[in-house]
Amino acid sequence: MLEGMRTILGLIASPRRLGNCEIIVKEIARNIPEPHELKMIRLHSKNIRPCRACYACLEKGDCTLDDDFRFIADQMAAADGLIIASPCYIFGLSGILKVFIDRCMQMFSRAEALLDKPALNVVTAGLRGESGYTELALNNFTMVLGLKLQESAVFYGALPGDALWKNEEQKNLARYLGTRMFSLEPRKYEKWRCPLCGSDAIQLLGGNRVQCMACRNYGTISLKDGDVSLDIALKPENILFTAEQRKHHHQWLQNEKNVFLQTHREISGFQQGYKDEGTWL
Ligand SMILES: Cc1cc2nc3c(=O)[nH]c(=O)nc-3n(C[C@H](O)[C@H](O)[C@H](O)COP(=O)(O)O)c2cc1C
């Protein structure tokens, strides 16, 4: 690889070859001004087994499952920038990406390798207004990993490839995302987005209180000059917003495993009371 050349890793969570996720990732990469090479991983063509919730990764830093997860994690750690693309399936992420995300509990032990690595999130959906919580889930994921989310966007197209076919508006959006990959300009948010993370998923808590569904910080909503405005502050007990908070949460999880080891005999006796009920099919 040429000196100064950066590596972009595209994680494609769609099974469709030359589908919308794939061509959008390629269009974005074409428009990254810095010299780079694009590598891609289609999650569907990898062996990714579901998390078994054994928490071995919290102790040993590694997963006991032998599959392609580690290869993908290594590629993510080695890349200079990530583009993560998922189609919307029934208002949420495609299942394979969720399986992959659950396995990322083990990424706590490689937090430094991903910290502040620039990332772009892409969602594709068939119908405008019908993408549900897909973008929110994807943005949550990048936050958990400690990536620097440079931009995130939803593209619409029902047929494979038609999101950019004769669609200058969405092509321009892909081009814009390309320019954002390594940009040092901070993301610009509209006033109705969370001022801390840019999310548009805001939960109303009653009165003027709100919680951002992406970064999970609390604040208030108000009307200023006829426009909605959000005032949201970082909560000290947030588990994943800053590197320090993620480290603290990792330690808490590790300690929970110890609590389990100390109490599991007692809990096990309680569990046995449910053992013989119902019929497994
Ligand atoms: C199982 C399945 C569920 C889907 N659910 C939704 C949905 O809830 N909302 C939506 O807008 N589009 C939905 N779609 C459409 C896809 O999100 C859309 O076609 C997208 O562009 C596919 O991207 P791809 O070509 O990269 O696979 C669904 C498609 C499939 C196959």
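Mentor: Before we start, a word on labels: helices and strands here are DSSP runs, numbered from the N terminus, with at least four residues for a helix and at least two for a strand. Keep in mind, too, that this is a predicted model.

Trainee: Thanks! Let's begin with the sheet. In what order do the five strands lie?

Mentor: First the general idea: strands of a sheet pair through backbone hydrogen bonds, in either a parallel or an antiparallel sense. Here the sheet is open, its pairing is parallel, and its order reads S2-S1-S3-S4-S5.

Trainee: Which strands stand at the edges?

Mentor: Those are S2 (36-42) and S5 (148-156). Each has a single partner strand, so one of its sides lacks a neighbour in the sheet. On average, neighbouring strands are turned by 15° against each other, ignoring direction.

Trainee: How many bridges join S1 to S3?

Mentor: Five, and the two strands run parallel; Ile12 stands opposite Ala85 of S3 in this pairing. S1 (residues 6-12) also pairs with S2, in the parallel sense, over seven bridges, and there Ile8 faces Leu38 of S2. S3 and S4 are parallel as well, with six bridges, and Ile83 lies opposite Leu120 in S4.

Trainee: Now a question on burial. How many residues of S3 are buried?

Mentor: The general idea is that side chains in a regular strand alternate between the two faces of the sheet. In S3, seven of the seven residues are buried, so the strand is largely enclosed by the rest of the structure. One side carries Gly81, Ile83, Ala85 and Pro87, the other Leu82, Ile84 and Ser86, and both faces are covered.

Trainee: Which helix touches S3, S4 and S5?

Mentor: That is H6 (residues 134-145), which packs on the sheet with its direction at about 160° to that of S4 (118-125). Helix H7 (residues 168-180) lies across S4 and S5, at about 170° to S5.

Trainee: And Thr124, is it buried or exposed?

Mentor: Buried: Thr124 has 7% relative accessibility, and the cut-off for that class is under 20%. Thr124 sits in strand S4. Leaving out residues up to four places away in sequence, its contacts include Asn20, Cys21, Ile24, Ser86 and Phe155.

Trainee: Let's turn to the surface. Which residues make the nonpolar patch?

Mentor: Tyr89, Ile90, Phe91 and Tyr133 form it, over about 480 Å². Phe91 belongs to the loop between S3 and helix H4 (95-103), and its 41% relative accessibility makes it partly exposed. Ile90 lies in the loop between S3 and H4 and counts as exposed, at 75%.

Trainee: What is the phi of Ile90 near?

Mentor: In general, most residues other than glycine have a negative phi. Ile90 has a positive one, near 45°. Asp225 is not a glycine either, and its phi is positive at about 50°.

Trainee: Where is Asp225 placed?

Mentor: Look at the loop between strand S8 (218-224) and strand S9 (227-233). Asp225 is exposed, with 81% relative accessibility.

Trainee: One last residue: where is the place of Glu244?

Mentor: Glu244 is in helix H8 (residues 243-272), and at 56% relative accessibility it counts as exposed. Its C-alpha atom is separated by 17 Å from that of Met105, 139 residues apart along the chain.

How values were computed. Residues are numbered from 1 along each chain as its sequence is written. This is a predicted model: local features need pLDDT of at least 70, side-chain atom pairs count only at pLDDT 80 or more; totals for chains, interfaces and linings use all residues. Side-chain values use heavy atoms; hydrogens and water are left out. Two strands pair if DSSP finds at least two bridges between them. Axes are lines fitted to C-alpha atoms, for helices over the stretch in contact, and angles run from 0 to 180 degrees between N-to-C directions. Contact means heavy atoms within 4.5 Å. Patches are made of residues with over 30% relative accessible area and no salt bridge: like charges are joined within 9 Å, nonpolar side chains (Val, Leu, Ile, Met, Phe, Trp, Tyr) within 5 Å. Accessible areas come from the Shrake-Rupley method with a 1.4 Å probe; for residues, only the protein chains shown count as cover. A salt bridge is a side-chain nitrogen of Lys or Arg within 4 Å of a carboxyl oxygen of Asp or Glu. Buried means under 20% relative accessible area, exposed over 50%, partly exposed in between (1.4 Å probe, protein chains only).
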